[in-house]
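Colleague: I am new to this one and would love a friendly tour. Could you show me the model before I start asking?

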Amino acid sequence: MLTNDIQIYTRIDGELISNFRLREFQNALGWVILHDKVPWGLEMTRAALNARYPTWLIQILVTNCTRTRQQNEALARKLGWSDEGGVVSRDSMHLVHNGGIAVDFIAWSRARNIPIPAKEVGDIAALYFDFVKWYPDNHVHGDFRSLVQP
């Protein structure tokens with residue numbers, strides 16, 4: 001059995017929806033810290049994209065979620081700190097102490113075998129997440145930063 005191979009259910013309009021497994025949100029150590037709003041935001045984004053493109057069979061692929069401080073520092077060595085021109089924040093919303101409120105993801109059409117442009121995905125995700133940013137490599141970052149206690 002795979003670690004964290006647990007189906008995640010989200011209640012939307014009274015219906016239980018399940019398009020994700022907990023393992024999709026784990027880091028390389030197998031750790032998962034996930035606030036329940038994150039799968040909700042992803043499910044809502046997925047549903048909106050599928051409503052826009054009803055024959056495209058849009059799926060959401062999680063590319064990053066929970067990070068330890070060491071993983072964040074390793075990523076910064078590769079991509080640079082945002083305060084120095086890179087893309088990794090020193091106090092990333094992905095960090096464990098922020099409570100699992102952030103996710104990076106891409107949207108993909110299974111029917112057409114193509115990615116959905118990140119700007120389009122980000123515009124839709126912004127309806128459901130507190131903060132959204134899209135990147136040139138076609139991934140979208142979404143988080144619920146309003147949940148972080150100062």
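Colleague: Leaving aside residues up to four places away in sequence, which residues does L61 touch?

Modeller: Happy to start there, and please keep in mind that this is a predicted model. L61 is found in strand β3, and at 31% relative accessibility it counts as partly exposed. Not counting residues up to four places away in sequence, L61 touches D104, F105, I106 and W108.

Colleague: How far apart in space, C-alpha to C-alpha, are L61 and F20?

Modeller: In sequence, L61 and F20 are 41 residues apart. In space, C-alpha to C-alpha, the distance between L61 and F20 is 9.0 Å.

Colleague: F105 came up as a contact of L61. With which residue does F105 form a stacked aromatic pair?

Modeller: A search of the whole structure finds five aromatic pairs. In one of them, the centres are 6.2 Å apart and the planes are at 25°; planes under 30 degrees apart count as stacked. This pair joins F105 to F129.

Colleague: How many residues apart are F105 and F129, and where do they lie?

Modeller: F105 belongs to strand β4 (residues 102-109), while F129 is in the loop between α3 (118-125) and β6 (131-134). The pair therefore links distant parts of the chain, and both rings belong to buried residues, because F105 has a relative accessible area of 0% and F129 one of 5%. In sequence, the two are 24 residues apart.

Colleague: Which residue joins F105 and F129 in one aromatic cluster?

Modeller: F105 and F129 are the stacked pair we just met. The cluster has another member beside F105 and F129, and that is F144.

Colleague: Which residues have the most contacts inside the largest nonpolar core?

Modeller: As a general point, nonpolar side chains in soluble globular proteins tend to be buried together. Here the largest nonpolar core has 29 residues. The elements giving two or more residues to this core are β1 (7-12), α1 (37-52), β3 (58-64), β4 and α3. Those with the most contacts inside it are F25, L42, L49, V103 and F105.

Colleague: Is α3 largely enclosed or not, and which of its residues are buried?

Modeller: Six of the eight residues of α3 are buried, so this helix is largely enclosed by the rest of the structure. What covers its buried residues includes α1, β4, β6 and β7. The buried residues of α3 are A118, E120, V121, G122, I124 and A125.

Colleague: Is D13 buried or exposed?

Modeller: D13 is placed in the loop between β1 and β2 (15-21). Its phi is near 50°, a positive value in a residue other than glycine. Because the relative accessible area of D13 is 81% and the cut-off is over 50%, D13 is exposed.

Colleague: Over the ring of which residue does the charged end of R145 sit?

Modeller: The charged end of R145 lies 3.8 Å from the centre of the ring in question. That ring belongs to F131.

Colleague: Last one: which residues lie nearest the centre of the largest pocket?

Modeller: The largest pocket has a volume of about 440 Å³ and is lined by 22 residues. At least two residues of this lining come from each of β3, α2 (69-79), β6 and β7 (140-143). Nearest the centre of the pocket lie R67, V87, D104, Y135 and H141.

Terms used. Residues numbered from 1 in each chain as written. Predicted model: local features only at pLDDT ≥ 70, side-chain atom pairs only at ≥ 80, totals over all residues. Heavy atoms only, no water. Phe/Tyr/Trp six-rings, centres within 6.5 Å; stacked < 30°, edge-to-face > 60°. Helix = DSSP H or I, 4+ residues; strand = E, 2+ residues; numbered from the N terminus. Buried < 20%, exposed > 50% of the residue type's maximum accessible area, 1.4 Å probe, protein only. Lys NZ or Arg CZ within 6 Å of the ring centre and 35° of its normal. Core = buried A, V, L, I, M, F, W, Y, C linked by side-chain atoms within 4.5 Å. 1 Å grid on protein atoms, 1.4 Å probe; cavity = no way out; pocket = protein on both sides within 12 Å on 5 of 7 lines; lining within 4 Å. Points joined across faces, edges and corners; volume = space filled by probe spheres on them. Contact = heavy atoms within 4.5 Å.
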